[in-house]
Amino acid sequence: MREQQRDDDFETAYREWLLDRLAHYLGRPVRETDSVHEYLDSVAGLSLYGDIEEEFGPLVEPADIWAYPTVRELARHMAERGAGAGGSRIRAAFVFTGQGSQHPGMTAGLYRNSTVYRRFLDEAGKVLQPYTGLSVVEMILGKDPRIHQTAFTQPALFAVEYALARTLEEAGVRPVSVLGHGIGEFAAAAVSGALTLPDAAKLVALRGAFMQYLPSGGGMMAACITPYEATELIACEPGVGISAINAAKSTVLSGDRGGLERIESKLAERGVRCRHLTVTHAFHSPLMAPVVPKFEAVVRRVPGGAASVPFYSTVYGRLTTEPLYASYWTEQLTAPVRFADAARALLAQQAPTHVVEIGPRAVLTPYLRRLGGARGPVCLPVCQGPESDAVDLAGVISVLDAGPLAAALAGA
């Protein structure tokens, strides 16, 4: 309660200061719900940024003036950054893993030993079952090999990630921002409030099923090259596209297998090694195009909304405050996953003390650590891998200063 009151006091102070400064620029009173964009051009916006820097230090970046449009939103962002800079409060960002992190029996130890996790996974499984025709929970626990079929992989991953995030929230870990890699964006959207659980489950299940029945023959290949090098290589391969940009020199190509093999040969001549991913289809590639009209027809009837938690889009590679309507989820099918750009923006703008990878095993944590650098946030996965259980979860919650264990330590 004391921390919440302190945060509210900070937000009020920043809001009053901003209202005063904007009144100074405009020569008239301003309301907290007014949009900064309507009154300040880019020059005045930079001047306001300079005022904030002079008065409070490095609380914001210039882009934040436009990313948080109203006085109220900008003041709240400043209060959150101020709390994080003080070092006395945990600010955790949730990053949701994409396809490829699944494995038979994932989170089975958590399901057996954590009643909270079991409740949330059962909830997600129940909502998915009308679309999947089977219990994804039973499929996961039974180590069913169908977990690697796209039609079941995507719903199962969504259910696990949704349940993991809600379990952390139940323990008191509230994300200051969310980001999702590929299919992980649906769990991020559900946790942020941009999609309801039933709507997210419907989209995930149909998306996976539609992809499952695409013709086979596509592939995905990871290479230690920059996006610019990748663009040059795919210029002569119309069936191949950039699927994901995970780091400065970690790019995934996706598409026609013949095209990928020709690119691999060119890279081998330069001494660059490639790794083919174990996938059934070429995700986020031109080969996904046949799914788009069918998926668009379905998603058009789902009322997407704006996230109530800052949502970092890997379609745009930045924070987005726009509602996640049908057009977003349709574009996401074929757009490259701009993970590196989105993660850099999150780290710079939100200043998290911790970044938690939400998924059945650690995949993105090494990238996040490199992007954060030596002075960056603590990056940790909520699940290390197949053997993770409730004891491991308790350790993560303790690190995040939440839950009964942390409360007991604080009172000692």
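This is a short conversation about two sheets, the helices on them, a salt bridge and a pocket in a predicted model.

Reader: What makes β4 and β5 a pair of strands in the sheet?

Author: Two strands count as paired if there are at least two bridges between them. Six bridges join β4 to β5, so the pair meets that rule. The two strands run antiparallel, and Ile242 stands opposite Leu253 in β5.

Reader: How do you know which strands stand at the edges of that open sheet of four strands?

Author: Read the order, which is β4-β5-β3-β6 with antiparallel pairing. β4 and β6 each have a single partner strand, so one side of each is left without a neighbour in the sheet. From one strand to the next, the twist averages 25°.

Reader: Why do you say that helix α13 lies across β3, β4, β5 and β6?

Author: Contact here means heavy atoms within 4.5 Å, and by that rule α13 (residues 257-269) lies across those four strands, running at about 140° to β5. Helix α12 (residues 227-234) lies across β4 and β5, and its angle to β4 is about 170°.

Reader: Why is the meeting of Glu237 and Arg262 called a salt bridge?

Author: The rule asks for a side-chain nitrogen of Lys or Arg within 4 Å of a carboxyl oxygen of Asp or Glu. For Glu237 and Arg262 the N to O distance is 2.8 Å, so the pair qualifies. Glu237 sits in the loop between α12 and β4 and Arg262 in helix α13, so the pair, 25 residues apart, links distant parts of the chain. By this rule the count comes to 10 salt bridges.

Reader: What makes the pairing in the open sheet of six strands, and which strands stand at its edges?

Author: The order is β8-β7-β2-β1-β9-β10, and the pairing is mixed. One parallel case is strand β1 (residues 92-96) with strand β9 (residues 354-358), joined by five bridges; at least two are needed. Phe94 stands opposite Val356 in β9. At the edges stand β8 (318-320) and β10 (378-381), each with a single partner strand, so one side of each has no neighbour in the sheet. The twist of this sheet averages 30° from one strand to the next.

Reader: Which helix packs on that sheet, and what does it touch?

Author: Helix α10 (residues 184-192) does, touching β1, β2 (175-180) and β7 (311-313). The direction of α10 makes about 155° with that of β2.

Reader: What makes up the lining of the second largest pocket?

Author: A residue belongs to the lining if it has an atom within 4 Å of a point of the pocket. That gives 31 residues, with Gln99, Gly100, His181, Leu277 and Val363 lying nearest the centre. They divide into 14 nonpolar, 14 polar and three charged. The largest share, three residues, comes from β4. The volume of this pocket is about 650 Å³.

Definitions and conventions. Residues numbered from 1 in each chain as written. Predicted model: local features only at pLDDT ≥ 70, side-chain atom pairs only at ≥ 80, totals over all residues. Heavy atoms only, no water. 1 Å grid on protein atoms, 1.4 Å probe; cavity = no way out; pocket = protein on both sides within 12 Å on 5 of 7 lines; lining within 4 Å. Points joined across faces, edges and corners; volume = space filled by probe spheres on them. Nonpolar A, V, L, I, M, F, W, Y, C, P; charged D, E, K, R; others polar. Axes fitted to C-alpha atoms, helices over the stretch in contact; angles between N-to-C directions.
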